[in-house]
Amino acid sequence: MNTSTSPDAFDGPGTLASALRGDAAVVLDGGLSNQLEAAGHDLSDELWSARLLAEHPEAIVAAHRAYYEAGASVAITASYQATFEGFARRGVGHGRAAELMALSVELAREAARRAETGRPLWVAASAGPYGAMLADGSEYRGRYGLSVADLERFHRPRLEVLAGARPDVLALETVPDADEARALLRAVRGLGVPAWLSYSVDGDRTRAGQPLTEAFALAAEAPEIIAVGVNCCVPEDVDHAVGLAAEITGKPVVVYPNSGETWDARARRWTGQGSFSGDLVTGWRDCGARLIGGCCRVGPGAITEIRSSLA
């Protein structure tokens with residue numbers, strides 16, 4: 001693998017990094033889980049959408065394709081909750097788990113091949129936080145009681161597998177804690193694949209309570225990181241975060257909030273009212289956002305609205 005740490009290593013013609021250098025924004029997809037549930041799949045299992053990598057891979061292809069054809073140029077893979085530890089609890093061995101993680105990238109590639117869009121399409125390999133593996137809602141709290149070194153040891157093996165599948169970018173997403181961000185930034189070094197880092201936030205702080213000024217600053221000098229921002233937060237939290245991320249890091253900003261509803265980890269369901277609107281995205285773009293999409297409960301219709309607003 002390429003072990004260069006130069007930012008130019010990821011910025012060639014046709015790459016996602018090069019697309020982010022312009023004034024136009026690139027459209028991300030929406031929530032993969034809600035699209036799969038809309039197709040009739042039960043995701044109440046602890047593996048969430050990752051369970052379908054083995055049981056219904058064609059369903060994942062169809063979900064990715066729906067987002068591409070709705071207007072997304074980047075699909076985020078079904079590997080958010082795919083970890084060696086999580087698969088092991090279901091009796092899936094290390095080798096098979098690695099195959100399924102790599103398959104998540106190939107399924108998104110297959111969707112891109114089938115989609116008839118006439119524009120460049122990219123694949124982002126999702127790596128969720130440690131708390132996603134626990135499946136107990138701690139991904140929205142952080143502060144797991146683990147050291148940065150412990151978290152790096154957890155993340156590195158699966159990031160190596162995902163990078164080996166050659167996605168266009170690694171999506172280090174829904175990170176609730178600056179300490180976990182430190183671990184992820186260490187874990188992506190030398191993998192030869194660029195990454196974006198996006199926090200789950202509450203107001204002007206990470207979910208773990210650290211100021212976003214400190215959290216974003218961690219990525220400012222990381223050459224592997226081609227975009228920094230927030231995801232799986234309420235849309236109202238994006239306005240402050242997007243300008244701050246651009247100012248502190250000097251990098252393109254990635255934003256993909258959820259619908260504005262609240263996840264009840266105990267009941268394993270969403271509650272409250274949505275506040276997401278495609279009309280919000282032009283303001284985010286004007287503040288520096290160059291990757292814009294939606295997270296949980298944001299479907300293909302909203303992605304079409306985003307693309308139309310940005311156009």
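Me: In helix 13 (residues 300-310), which residues are buried?
Reply: In this predicted model, the buried residues of helix 13 cover an arc of only 100° around the axis, which puts them on the same side of the helix. What covers them includes strand 1 (26-27), helix 4 (57-70), helix 12 (281-286) and strand 12 (289-292). The residues in question are A302, I303, I306 and L310.

Me: How many residues apart in sequence are the parts that the pair R109 and D168 ties together?
Reply: R109 forms a salt bridge with D168, the closest N and O atoms being 2.9 Å apart. R109 lies in helix 6 (residues 94-114), whereas D168 lies in the loop between helix 8 (148-164) and strand 4 (169-175), so the pair ties together parts whose separation in sequence is 59 residues.

Me: Which residues are joined into one network by salt bridges that share partners?
Reply: The side chains of E110 and R114 meet in a salt bridge of 2.8 Å, N to O, and, being 4 residues apart in helix 6, E110 and R114 are separated by about one helical turn. A salt bridge of 2.3 Å, N to O, also joins the side chains of R113 and E106. Through shared partners, the network comprises E58, E106, E110, R113 and R114.

Me: Is T206 buried or exposed?
Reply: T206 is placed in strand 7 (residues 205-206), and its side chain makes a polar contact of 2.5 Å with that of Q210. Because buried means under 20% relative accessible area, the 2% relative accessibility of T206 makes this residue count as buried.

Key: Residues are numbered from 1 along each chain as its sequence is written. This is a predicted model: local features need pLDDT of at least 70, side-chain atom pairs count only at pLDDT 80 or more; totals for chains, interfaces and linings use all residues. Side-chain values use heavy atoms; hydrogens and water are left out. Helices (H or I, at least four residues) and strands (E, at least two) are DSSP runs, numbered from the N terminus. Buried means under 20% relative accessible area, exposed over 50%, partly exposed in between (1.4 Å probe, protein chains only). A polar contact is a pair of N or O atoms within 3.5 Å; within protein, one must be able to donate a hydrogen and the other to accept it, and residues adjacent in sequence count only if both atoms are side-chain atoms. The arc is that of the directions from the helix axis to the C-beta atoms. Contact means heavy atoms within 4.5 Å. A salt bridge is a side-chain nitrogen of Lys or Arg within 4 Å of a carboxyl oxygen of Asp or Glu.
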